Amino acid sequence: MFMSSPAEWHVDLLEIAQKCVYCGYCSLCPTFKELKWETYHPRGILEQIRMYFSEGVKESVQVEVSKSLFEAIFACTMCKACENICLVDLPLLKVWEQVRQEAFRKGRWNPLLLSLYNKVKSTHNIYGLPTEERLAWANLAGMNMSRRTKKKAPLAFFVGCQASYSGKMGNVAPSVVKILRKTKVNFTILGLDEWCCGSPVFLAGGYSAGRDFAKHNLDQLKELGVERIVTACSGCYRAFKIVYPRVLGEKWDIEVLHITELAEELIKNGKLKLKHSIKEKITFKDPCELVRHCGLVEAPREVIKQIPNVRFEELPSNKHEALCCGGGGLLKLNDSDLVNQVNSRLVSEIKYTEAEIVANGCPTCKDTILTGVKNDNLDVEVLDISELIVRAMEGEK
Amino acid sequence: MTLKKNTRISFTRHLGKNFKDDYTTLQVYSRDMADLPKLVKPFIGNVPDGVIQVRTKEDMQKIYEIANETKVPITQRGGGTAGFGGSVPYKKGIVVDTKGLEYHFLVDPLELTVTINPSVVFSDLQRQLNLEGFSLCSYPSSFHSATVGGWIAHGGYGVGSIQYGGAKEQIAALEVVLPTGEIKRFTDDTELSLFVGSHGTLGTITEVALKIKFDIPLKHQGCTFDSPAELLKGLKYLAEIEPFSIWFLNPDHVALFNELFGYNLPLSYLAIISKEVSFEEEEKEFNTLFNNAIRSSGGQILDRRYINDIWDFRFKGFTLIGDSPDYLVTEVILPIETSDKFVRKLVSRFRGKIHLEGEMVSPTHYALLIYLLFEEKLSEIKKTILTLKLYNVTTRKTKAKGIPYSTGLWFSGYYSRIYGKEQYKQYLEFKRKVDPKNISNPGKVISPKIRFLPIIKLKPIVKLASKMML
């Protein structure tokens with residue numbers, strides 16, 4: 001397998017590592033906060049990059065450094081907190097992705113990661129399940145999607161692998177469809193022709209394979225005359241918003257919306273009405289990929305505000321300072337215990353708010369928070385924001 | 001690996017996976033914020049033989065027991081965010097990373113204290129306190145990365161120090177594992193003073209009771225001055241307002257602000273003054289006092305539009321050096337009364353390269369953070385010479401009566417100048433009692449016996465070396 005790196009993604013790792021002023025502000029890294037060794041500290045990783053990539057470095061030193069460097073790089077949740085706080089604006093996310101690519105080149109991915117990579121490449125979904133099951137969510141929800149599948153429409157709902165295949169996410173796609181139907185939006189879905197957005201492949205450092213996914217999805221969308229795409233998955237959203245334009249260039253001219261952005265728009269133009277109050281206290285967990293990667297902050301809050309008599313309380317760490325749930329960066333494949341450790345900090349914040357519903361806009365966050373609240377015996381309902389919108393739209397079911 | 005086999009076995013037996021001595025870990029722990037110049041490294045054993053992440057005070061007792069038996073030096077490390085080398089080994093040995101210490105957070109709302117583990121980072125602590133309606137009194141400008149224990153060991157100052165004092169004034173109690181292995185709780189002011197700025201040479205802090213206050217909102221005002229003399233005069237007047245913080249920048253630093261953020265700030269000495277204000281009358285009074293102070297000192301009031309933006313930049317000074325190919329940084333404490341000439345000389349000596357950020361740390365003194373920015377990457381020799389030059393400039397016995405911000409590795413031997421001869425005597429007496437074998441962070445505070453050190457005295461050696469190499 002050859003993994004190419006598009007020029008615009010390529011950064012000079014050594015140069016960036018040398019620019020680090022070692023202020024240590026990136027100590028807010030969720031992984032470092034748990035593991036506490038400086039080798040996991042973003043500045044410590046940059047120090048290892050300096051050693052690994054320095055000119056004339058001995059091979060024995062490189063091998064030695066790589067053990068710790070690659071371990072640290074796959075313990076990263078890619079939450080982007082380090083890049084956001086970096087005082088000298090280092091493009092750290094690109095650095096981490098590129099080091100992951102180097103690990104791949106050296107054959108140092110862990111087997112689970114390699115297995116995911118191969119699964120996604122061969123089955124076009126993260127679970128390695130048959131393509132025919134991609135629409136199972138609709139059947140289970142008793143929805144007939146045949147009239148909406150692969151039809152010409154200005155808007156496409158990109159369901160995503162987790163909402164398509166995962167039982168835990170069973171209500172997410174039907175909720176989005178209910179919102180679209182209720183507001184009489186002309187939309188389509190790609191059905192069996194929807195491929196994974198490629199996000200996990202890109203996160204693992206697999207650029208050329210990821211590009212195939214991007215090209216395929218673009219071709220499908222173009223065929224249907226799609227101008228806008230909506231998703232309830234923050235991973236897909238980031239891929240469309242940030243990665244696809246880099247990979248596909250100007251060919252990618254489709255407007256990307258998160259379901260909260262579309263809902264906000266529909267509320268503003270009077271098509272979506274949230275008539276039913278929700279008596280439970282609500283908090284919102286900003287997914288890293290929405291808030292820090294894509295800067296989406298207000299739309300979810302604007303939507304929640306529209307729920308009649310809503311009792312909403314922000315998490316202590318919110319918006320750009322939101323805590324990572326621990327589920328990002330493919331960490332689950334590398335260290336599931338660490339995911340739980342990282343997640344426990346978020347669960348403590350949820351507990352602090354005394355919220356009865358935690359809304360979020362990311363299936364990975366939802367899955368991780370569900371595990372966290374269960375481990376903590378916390379009586380909190382974890383809902384995707386699309387599920388929350390439907391509840392306010394239709395009333396308690 | 002230079003640890004004796006049996007010593008290594010002793011550490012691994014008791015610390016297990018919390019002991020590491022692989023090549024990469026040792027290298028990563030061989031520096032703090034300021035990496036040592038390559039030319040200086042041969043004189044220093046900055047790469048440790050092992051790193052331990054200490055979890056409990058009992059672990060720490062065991063570490064000291066083994067260290068005493070084997071005479072292996074211990075160097076404690078908090079956030080590793082200072083540039084004075086306090087957490088960098090001087091004689092190799094073991095780095096004890098305190099970030100793994102057990103988590104504590106207990107607010108006493110009546111005594112207005114919070115009991116914490118020393119490894120907590122200030123911004124995390126402040127967030128937790130704010131959630132309960134409290135706030136730290138004073139905190140360092142490395143707010144997002146410095147640990148409480150590191151700040152105390154370093155003898156730091158920071159935002160709020162003009163009102164609430166430096167690290168010393170923040171401590172209600174300390175729990176310390178002494179090098180003898182004894183765990184002791186200190187509450188007496190004289191004893192507490194000895195631990196401030198001692199860089200772990202007297203023991204390892206394992207718990208801190210820190211003074212806190214109610215979370216009172218801050219109001220900010222800004223002003224500018226045309227010269228260092230006017231600035232210092234202004235600081236004197238402004239200090240009388242009893243502010244929470246006075247922070248100032250030199251014109252070159254202001255120019256960087258303008259360049260980076262598209263501001264149009266006047267290229268003068270710029271100061272931001274903050275005061276705790278609970279109600280409207282207090283704010284009015286603050287405004288009046290501020291206006292009077294500026295009028296009396298000959299300053300100009302700054303356009304209010306900029307003030308909050310500049311204040312928000314309070315902890316991000318390093319942003320301004322991001323594009324410089326090379327830089328040097330140091331910090332010094334200076335009295336307002338006598339430092340006018342010193343500042344003028346400093347600015348003229350490093351004209352165009354020097355950027356200054358000052359914070360009043362008492363009504364009479366300020367901490368001056370000095371950045372030297374260069375347009376090209378410096379050679380190792382040039383960098384070493386300039387580093388030593390800069391450090392000499394800031395520490396030589398000038399009429400300014402300035403003192404180094406901290407001792408650490410760079411300024412070991414300067415303790416008595418910072419804290420006074422009487423305290424130094426007490427320090428030495430205490431040191432002899434609790435660490436007769438000098439295993440707790442040797443090479444810091446007290447000058448090592450090797451005459452090359454403290455580092456700033458290396459200047460003649462480096463000059464000679466550079467002549468030979470050139």
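**The interface of chains A and B**

Begin by selecting chain B together with chain A of this predicted model. Here 40 residues of chain B are in contact with 32 residues of chain A. The two chains bury about 2900 Å² between them, and carbon and sulfur atoms account for 58% of that area. Next, display B:Thr24, B:Val28 and B:Arg127: together they supply 19% of the area that chain B buries against chain A, more than any other three residues.

Turn now to the charged and polar pairs. Between chain B and chain A there are 5 salt bridges. One to inspect joins the side chains of A:Glu38 and B:Arg77, with an N to O distance of 3.3 Å. In addition, 16 residue pairs are in polar contact between chain B and chain A, both residues of each pair being at pLDDT 80 or more.

Which elements of chain B give two or more residues to the side that touches chain A? Colour β1 (19-20), α2 (23-28), β2 (50-53) and α4 (122-131) of chain B to see them. Of these, α2(B) gives the most, with 5 residues. If the side of chain B that touches chain A is then coloured by class, 14 nonpolar, 15 polar and 11 charged residues appear.

**The two domains of chain B**

Hide chain A and select residues 105-214 of chain B, which form domain 1, and residues 218-404, which form domain 2. The C-alpha centres of domain 1 and domain 2 of chain B lie 26 Å apart. Domain 1 of chain B brings 15 residues to the contact, and domain 2 of chain B brings 16 residues.

The area buried between domain 1 and domain 2 of chain B is about 1200 Å², with 66% from carbon and sulfur atoms. Select B:Val159, B:Ile162 and B:Gln163 next; these residues supply 48% of the area that domain 1 of chain B buries against domain 2 of chain B, more than any other three residues.

How many salt bridges are counted between domain 1 and domain 2 of chain B? The count is 1. For a salt bridge within chain B, select B:Lys213 and B:Glu276, whose closest N and O atoms are 2.6 Å apart. There are also 4 residue pairs in polar contact across the interface of domain 1 and domain 2 of chain B, with both residues at pLDDT 80 or more. Helix α6 (residues 161-164) of chain B contributes 4 residues to the side of domain 1 that touches domain 2, the largest share. By class, that side of domain 1 of chain B holds 8 nonpolar, 6 polar and 1 charged residues.

**B:Ser245**

Centre the view on B:Ser245, which belongs to strand β12 (residues 245-249) of chain B. Is B:Ser245 buried or exposed? B:Ser245 counts as buried because its relative accessibility is 0%, under the 20% limit. Its side chain makes a polar contact with the side chain of B:Glu359 at 3.0 Å. Beyond its neighbours within four places in sequence, B:Ser245 is in contact with residues including B:Val159, B:Ile162, B:Ile272, B:Ser274, B:Trp311 and B:Glu359.

**A:Gln62**

Finally, restore chain A and select A:Gln62 in helix α4 (residues 59-73) of chain A. Leaving aside neighbours within four places in sequence, A:Gln62 is in contact with A:Tyr52 and A:Val57. To end the tour, add A:Cys324 to the selection: A:Gln62 and A:Cys324 are 262 residues apart in sequence and 31 Å apart in space, C-alpha to C-alpha.

Technical notes. Residues are numbered from 1 along each chain as its sequence is written. Chains are lettered from A and ligands numbered from 1 in the order in which they are written. This is a predicted model: local features need pLDDT of at least 70, side-chain atom pairs count only at pLDDT 80 or more; totals for chains, interfaces and linings use all residues. Side-chain values use heavy atoms; hydrogens and water are left out. Contact means heavy atoms within 4.5 Å. Buried area is the accessible area (1.4 Å probe) that two parts lose on being put together, summed over both. A salt bridge is a side-chain nitrogen of Lys or Arg within 4 Å of a carboxyl oxygen of Asp or Glu. A polar contact is a pair of N or O atoms within 3.5 Å; within protein, one must be able to donate a hydrogen and the other to accept it, and residues adjacent in sequence count only if both atoms are side-chain atoms. Ala, Val, Leu, Ile, Met, Phe, Trp, Tyr, Cys and Pro count as nonpolar, Asp, Glu, Lys and Arg as charged, and the others, Gly among them, as polar. Buried means under 20% relative accessible area, exposed over 50%, partly exposed in between (1.4 Å probe, protein chains only). Domain bounds come from an automatic or database domain assignment.
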